[in-house]
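Visitor: Please show me this structure, and let me ask about it step by step.
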Amino acid sequence: MSWFSTSPEPGDLVAAARDLPLSLTEHLTGAVGVARGTRGLVRTATPGRLGIAFDTGYGTTLVHVRTTDVSLVRRGIDESRFHSRAALKASIRVGALIAITAPLLWFTIVYWMQSGSLEGLPQAIAISALESALELPDLFLAHPIQTLCWLALSALIGRIAFGPNKARKR
């Protein structure tokens, strides 16, 4: 490993310099598999090509890209630490998704038990969400500290589960 070389080598931490599609479908539709700025660990290096394990937020994905598609962040990082951090982030994100979907699943079960079918479920969810939003000012007046804590926790869980707002970044 040369500390003065500018091209990444195995064991180096890199960041995607542009949005990278991973599959043929993503190439054809213009979707993004690895977003610009996503960090990854160089696994293999050949002249002009790199095999990189990118941390996508739901685990690592091995991608083969050109050397011009990434930029060097740091030389010689600990591979086990990189993978354990990626696994921790993935488990936190899955837990946040469960925390978001569990109330919806519970609502669906209760609705099915009371009505005997799932007919009209989307309308019931929409009405329930609207009623909850309309009750928020009353909750804020009656319990301001608890309501602010609940709103902050909900925003944090949403941020963890879905990542940062992409529209605000650009």
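Visitor: What volume does the second largest pocket have?

Guide: This is a predicted model, where local features need pLDDT of at least 70, side-chain atom pairs count only at pLDDT 80 or more, and totals for chains, interfaces and linings use all residues. Residues are numbered from 1 along each chain as its sequence is written, and side-chain values use heavy atoms, without hydrogens and water. On a 1 Å grid over the protein atoms alone, a pocket is an open set of points where a 1.4 Å probe fits, with protein on both sides within 12 Å along at least five of seven lines. The space filled by probe spheres set on the points comes to about 410 Å³.

Visitor: Which element gives the most to the lining of the second largest pocket?

Guide: Lining residues have an atom within 4 Å of a point. Helices are DSSP runs of H or I with at least four residues, strands runs of E with at least two, numbered from the N terminus. α2 (79–115), α3 (121–142) and α4 (144–162) each give two or more residues. The top giver, with six residues, is α4.

Visitor: How are the rings of Phe107 and Tyr111 arranged: stacked, tilted or edge-to-face?

Guide: Rings of Phe, Tyr and Trp (its six-membered ring) pair if their centres lie within 6.5 Å; planes under 30 degrees apart are stacked, over 60 edge-to-face, the rest tilted. Both residues lie in helix α2, four residues apart. Their centres are 6.5 Å apart, with 15° between the planes. The pair is therefore stacked.
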